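Student: I am new to this structure and would like a close look at one part of it. Could you take me through how its helices sit against each other, and show me where that part belongs in the chain?

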Amino acid sequence: GGDLVRATRRASALVEETVVFDDFVHPESGKRSIAIRYRLRAADRTLSREEIDKERDALVAAAAALGATLRGA
């Protein structure tokens, strides 16, 4: 989980806080599921929906570069 958190944090300068709130390994398949909450913040403005979407896409892409997939995607 640590590599995933570090890689995704580097993907966005707007990540203020990262919290892993669930880390589960399925006993039969061995697949790991990690739930991470990100708090995005710009000190000088309120983020627009477009900015948030762009940052989310960057976080997902950084996770995908490590072989992770977004559940339901």
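Tutor: Happily; we will start with the whole chain and then turn to the pair of helices.

What you see is a predicted model, and the protein chain has an average pLDDT of 91, with 97% of the residues scoring at least 70. The chain holds two helices and two strands, and along the sequence they come in the order α-β-β-α. Its C-alpha trace spans about 45 × 20 × 20 Å along the principal axes.

Now to the helices themselves. Helix 1 covers residues 2–10 and helix 2 covers residues 49–65. Confidence is lowest in helix 1, with a mean of 90, and highest in helix 2, with 95.

How do they meet? Two packed helices are described by the angle between their axes and the distance between the axes. Here the axes of helix 1 and helix 2 come within 8 Å and cross at roughly 140°. Angles over 145 degrees would count as roughly antiparallel, and those from 65 to 115 as roughly perpendicular, so helix 1 and helix 2 are oblique to each other. Their crossing is right-handed. On the side of helix 1, the contact is made by Leu4, Ala7 and Thr8, while helix 2 brings Leu59, Ala62 and Ala63. Sorted by class, this contact has five nonpolar residues, one polar residue and no charged ones.

Between the two helices in the sequence lie the strands. Strand 1 (residues 15–25) pairs with strand 2 (residues 32–40) in the antiparallel sense, over nine bridges. You can trace the pairing in the picture: Asp22 has Ala35 of strand 2 as its bridge partner, and Val25 is bridged to Arg32 of strand 2. The two strands form a hairpin with six residues between them. In that turn, look for Gly30, which has a positive phi of about 80°.

Note on methods: Residues are numbered from 1 along each chain as its sequence is written. This is a predicted model: local features need pLDDT of at least 70, side-chain atom pairs count only at pLDDT 80 or more; totals for chains, interfaces and linings use all residues. Side-chain values use heavy atoms; hydrogens and water are left out. pLDDT is the predictor's confidence in each residue, from 0 to 100. Helices (H or I, at least four residues) and strands (E, at least two) are DSSP runs, numbered from the N terminus. Axes are lines fitted to C-alpha atoms, for helices over the stretch in contact, and angles run from 0 to 180 degrees between N-to-C directions. Angles under 35 degrees count as roughly parallel, over 145 as roughly antiparallel, 65 to 115 as roughly perpendicular and the rest as oblique. A crossing is left-handed if the near helix is turned anticlockwise from the far one by less than a right angle, and right-handed if clockwise. Contact means heavy atoms within 4.5 Å. Ala, Val, Leu, Ile, Met, Phe, Trp, Tyr, Cys and Pro count as nonpolar, Asp, Glu, Lys and Arg as charged, and the others, Gly among them, as polar. Two strands pair if DSSP finds at least two bridges between them.
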